[in-house]
Amino acid sequence: MKKRITIITGPIKSGKTTHLEKLISSLKDAGGITQILSGSKRFLHDISSGEQVELTSQTFDKDTFKIGKFTFRKSAFIWAKEKLENSLLSGNKTIVIDEYGPLELNGEGLEPLFSEIISKIKSNFDLQVIVVVRDKLLKEFLLKFELDESEVKIEIISNNFSQ
């Protein structure tokens, strides 16, 4: 049975997104979002259109919220959810999400759309998802979506090398 959920996991700054980008380049029909780090700023990148939107902000206003040392733009998450919905509607066979983190585990960020995508994956044999999940959140992620080893392929990234 083909595993339709691929999880790329590892510690912060281990090369998960770099590995993801290499993987995406080998796929023909992928859509979704990746994160790009440029200096101190983070951007969300739509794979299909090449569009980008800044995820982080240097200022705090009604469009932002703080988590730890980072200030995030609410509008960036709305944009990302629209891009993910477009990927589903356009018939992409692979949906890429970089990354599923603490916000989503708490029902924010890319939720509830991400949960809907996982439900579709479980019932649609033509659809697959590739998702980046930090190693410290992997167990919680698997429990939340009631996933076991028969349903997922886990790629562990450590120091820029896939294991």
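This report walks through a predicted model, from its confidence to its aromatic pairs, helices, buried loop residues and backbone oddities.

**Confidence**

Let's start with how far the predictor trusts its own work. The protein has a mean pLDDT of 91, with 96% of its residues at 70 or more. Element by element, strand S4 (residues 52–54) comes out highest with a mean of 97, while strand S10 (residues 161–162) sits at the bottom with 46. Treat whatever you see around S10 with that value of 46 in mind.

**Aromatic rings**

There are 10 aromatic pairs in the structure. Take Phe65 and Phe77: their ring centres are 6.1 Å apart and their planes meet at 35°, so this pair counts as tilted. Phe65 belongs to strand S5 (residues 64–67) and Phe77 to helix H2 (residues 74–89), so the pair links parts of the chain 12 residues apart in sequence. Phe77 is buried, with a relative accessibility of 10%.

These two rings have company, as Phe65, Phe70, Phe72 and Phe77 make up one aromatic cluster. One member of it also has a charged residue over its ring: Arg42 lies over the face of Phe70, 5.9 Å from the ring centre.

**Two helices with a buried face**

In helix H1 (residues 16–25), the buried residues are Lys16, His19, Leu20 and Ile24. Looking down the axis of H1, you find them within an arc of 140°, so they line one face of the helix. Lys22 and Ser25 are exposed on the other side of H1. The spacing makes sense, because an α-helix has 3.6 residues a turn and residues three or four places apart point the same way.

Helix H4 can be read in a similar way. Its buried residues are Leu113, Phe114, Ile117, Ile118 and Ile121. Seen down the axis of H4, they fall within an arc of 145°, so they too line one face. What do the buried residues of H4 pack against? Their partners are strand S1 (5–10), H2, strand S7 (94–100), strand S8 (128–134) and helix H5 (138–144).

**The loop before H4**

The loop between helix H3 (102–105) and helix H4 (113–123) holds Glu111, and Leu110 lies in that loop as well. Are these two residues buried or exposed? Glu111 is buried at 5% relative accessible area, and Leu110 is buried at 4%.

The side chain of Glu111 makes a polar contact of 3.0 Å with that of Tyr100. Beyond its neighbours within four places in sequence, Glu111 is in contact with Lys81, Tyr100, Glu104, Lys144 and Phe145.

Leu110, with the same kind of neighbours set aside, is in contact with residues including Ile33, Phe77, Ala80, Leu84 and Ile97. Leu110 and Ala80 are 30 residues apart along the chain, yet their C-alpha atoms are separated by 7.4 Å. Phe77, the buried partner from the tilted pair, is one of the contacts of Leu110.

**Thr71 in its strand**

Thr71 is part of strand S6 (residues 70–73) and is buried, at 7% relative accessible area. Its side chain is joined to that of Lys66 by a polar contact of 3.0 Å. Apart from neighbours within four places in sequence, the contacts of Thr71 include Leu55, Thr56, Phe60, Phe65 and Lys66. Phe65, a member of the aromatic cluster, is thus listed among them.

**Backbone oddities**

Here are the backbone angles worth a look.

| Site | Feature | Angle |
|---|---|---|
| Asp98 to Glu99 | cis peptide bond | omega about 15° |
| Glu111 to Pro112 | cis peptide bond | omega near 5° |
| Lys13 | positive phi, not a glycine | phi near 65° |
| Glu146 | positive phi, not a glycine | phi about 50° |

As for where these sit, Glu99 is in strand S7, while Pro112 is in the loop between H3 and H4. The cis bond to Pro112 starts from Glu111, the buried loop residue described above.

Lys13 is in the loop between S1 and H1 and is exposed, with a relative accessible area of 70%. Glu146 lies in the loop between H5 and strand S9 (152–158) and is likewise exposed, at 66%.

How values were computed: Residues are numbered from 1 along each chain as its sequence is written. This is a predicted model: local features need pLDDT of at least 70, side-chain atom pairs count only at pLDDT 80 or more; totals for chains, interfaces and linings use all residues. Side-chain values use heavy atoms; hydrogens and water are left out. Rings of Phe, Tyr and Trp (its six-membered ring) pair if their centres lie within 6.5 Å; planes under 30 degrees apart count as stacked, over 60 as edge-to-face and the rest as tilted. Helices (H or I, at least four residues) and strands (E, at least two) are DSSP runs, numbered from the N terminus. Buried means under 20% relative accessible area, exposed over 50%, partly exposed in between (1.4 Å probe, protein chains only). A charge sits over a ring if NZ of Lys or CZ of Arg is within 6 Å of the ring centre and within 35 degrees of the ring normal. The arc is that of the directions from the helix axis to the C-beta atoms. pLDDT is the predictor's confidence in each residue, from 0 to 100. A polar contact is a pair of N or O atoms within 3.5 Å; within protein, one must be able to donate a hydrogen and the other to accept it, and residues adjacent in sequence count only if both atoms are side-chain atoms. Contact means heavy atoms within 4.5 Å.
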